[in-house]
Amino acid sequence: MRVVKDLPSQTEPSQKGTLCPRFQTRGWFVFLMLLGISGYLYLNLFLLPNVPILLSGDQVFFWMNGQRMLHGERPYLDFFQFTPPGADVFYSALFKVLGPRIWPLNFVVLVLGVALCWLCFVIANQIMERRLALLSALLFLTLIYTRLPNATHHYFSVLAVMGATAVLMREASLRRLAIAGALLGVASFFTQTHGLAALLAFTLLLCWEQYSTDDFWEKFWRKERILLLGFILVLLILSAPFIASVGLKQIWYCQVTYVRKVMVHAPETHLLGMPEYSNWRGLPLLFVMGEYSRHVFVYGMLPTIYLLVLMRCRTKLSLTTFGSRKVALLGLVGSFLLGELIFSLNWLRLYAVSMPGIVLFIWVVSTTTRFRRYGLISLWALVVLLGLSQPWFAQHREYLTVELPAGRSAIEPSEFEKLSWGMAHTRPGEFLFQANWPGMYIPLGVRNPVFLDTASTMLNPPWVERAVQQLEAKQVRYIIWAERLDYPVDPHRPRTANIVPLRTYLHTHYRLARLFQDGDEVWERK
């Protein structure tokens, strides 16, 4: 592979309109780009003219937690949570201002996507010309973000991490280090590991820059302590109300001990965390091929690009050249975010931290003579294909428009049965325990009555006993159960016995009232 040694438009700081230290791009170009991205996301999130599509994904857990905080409940004490409370606080504030409705949730996904794409463009424009920076942002949008619109804690955290990266792209002055450290503190308020991973990447870069200088330790520590101070100070300020009300011991248990015992594991599927389609034989062949081609590409591209980029920047000399420091910074941040996922790999987490790899992939293609022309043409073609097909499919799927308690929404036909039953048998504000998946709470306006988020959270027997007591004390009328929760007790895995008291209570005090087509069951109190 032959690498272009001298590309003035990409490597010379004196060329106007390329490596702009203060993100010098024409206002109209950025405005039109963001306007186009907003329109694209709107077509993926709303049926024309203005009907929000009911979304799913891990974000429903944070919707539920935001609803619980809106009613005065506290994370870690009144309801279970193993991530920092940033996303819960955000959704609670959103519901307080706009109400627990569907359209604000979709609007959050839209705004978050626009912000991420803007950051992607800004960062890419530091190492590439503007049209390639645009390609980076659009590839991230079409290949990554809209694969599953999901405003989960990962994307909020990555937004802060990439903001900190953009701040340090030009230089590591003390002021910029303080700002970057503060943004990493915000990132760790949403996801405890993302901010720490980026902090390690920034620390390694500072060490790399100062390694061969005189008074290495003094120069390194002078910058590192500013970075650490900004990180620790902001994280403590954000966390202080929860430390005061919950206690540091309980927070440590939920965010560290529980995560170590439950969330650190092998990839979630046999395909390294890629989704497994149990009914793949009944799916269109083109869909299956397209989905797995996308996943295989992203899974293979990220580690390859990071390894290639860091090998290019491995010498001190290469790091001092203009632009190489920025490339090294992106490579380090991406590598540490990727390495963190080894402990709990799935495709959604991988996609959420892929922005540095997307930018560097475009950079590598554009600076490689052999692949530059045809590689860029292929990538533009891919962006156009995804950019046209995804909104078309979103607008032409067989949705049902329903007036839910959370507002008018477009829902999948498979969801209609369950939600229509819920509207007929519950009222907003009532308690209902959805033991399998918390997707009904916000659409129906019903509330989770127990400490657990679902019946799958069964690490400690006292949690189950507490759930049974809460179901009894509140006389919860309906429980939505699932067949998969009736798993046998494994003598070699004592944790599997923790759910038994809840199952016993269910069969003793409730009767089976309805079976949905997806296998979920409605149990009504006797």
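**From the surface to the strands**

The protein exposes about 23900 Å², of which carbon and sulfur atoms supply 64%. The model under discussion is predicted, and the account below proceeds from overall properties to individual strand pairings.

Of the 526 residues of the protein, 54% count as buried. The radius of gyration is 25 Å, in agreement with the value near 24 Å that a compact globule of 526 residues would have. Taken along the principal axes, the box filled by the C-alpha atoms is roughly 80 × 50 × 45 Å. Sequence-distant pairs contribute heavily to the contacts: among those with a separation of 6 or more, 70% involve residues 24 or more positions apart. As for charge, the protein carries 49 positive and 33 negative charges, and the mean positions of the two sets are 8 Å apart.

The secondary structure consists of 21 helices and eight strands. Two of the strands, S3 (residues 400-404) and S4 (residues 407-411), run antiparallel and are joined by five bridges. They form a hairpin, with two residues between the strands. Within this pairing, Val-402 has Ser-409 of S4 as its bridge partner.

Strand S4 also contains Ala-410. Is this residue buried or exposed? Ala-410 has a relative accessibility of 0%; because buried means under 20%, Ala-410 counts as buried. Its surroundings can be described through its contacts. Beyond its neighbours within four places in sequence, Ala-410 is in contact with Tyr-399, Leu-400 and Thr-401, and also with Leu-47, Val-51, Pro-52, Ile-53 and Leu-54. One of these residues, Ile-53, is 357 residues away from Ala-410 along the chain, yet the C-alpha atoms of the two are separated by 4.6 Å.

A further group of strands lies later in the numbering. Four strands form an open sheet with mixed pairing, in the order S5-S6-S8-S7. Which strands stand at the edges of this sheet? They are S5 (433-434) and S7 (510-515); each has a single partner strand, so one side of each is left without a neighbour in the sheet. For S7, the adjacent strand in the order is S8. Strand S8 comprises residues 521-525, and it runs antiparallel to S7, with five bridges joining the two. In this pairing, Arg-511 stands opposite Glu-524 in S8.

Notes: Residues numbered from 1 in each chain as written. Predicted model: local features only at pLDDT ≥ 70, side-chain atom pairs only at ≥ 80, totals over all residues. Heavy atoms only, no water. Rg over C-alpha atoms; globule rule 2.2 N^0.38 Å. Buried < 20%, exposed > 50% of the residue type's maximum accessible area, 1.4 Å probe, protein only. Contact = heavy atoms within 4.5 Å. Areas by Shrake-Rupley, 256 points an atom, 1.4 Å probe, with all protein chains shown as cover. Lys, Arg positive; Asp, Glu negative; His and termini not counted. Charge placed at Lys NZ, Arg CZ, Asp CG, Glu CD. Pairing = 2+ DSSP bridges.
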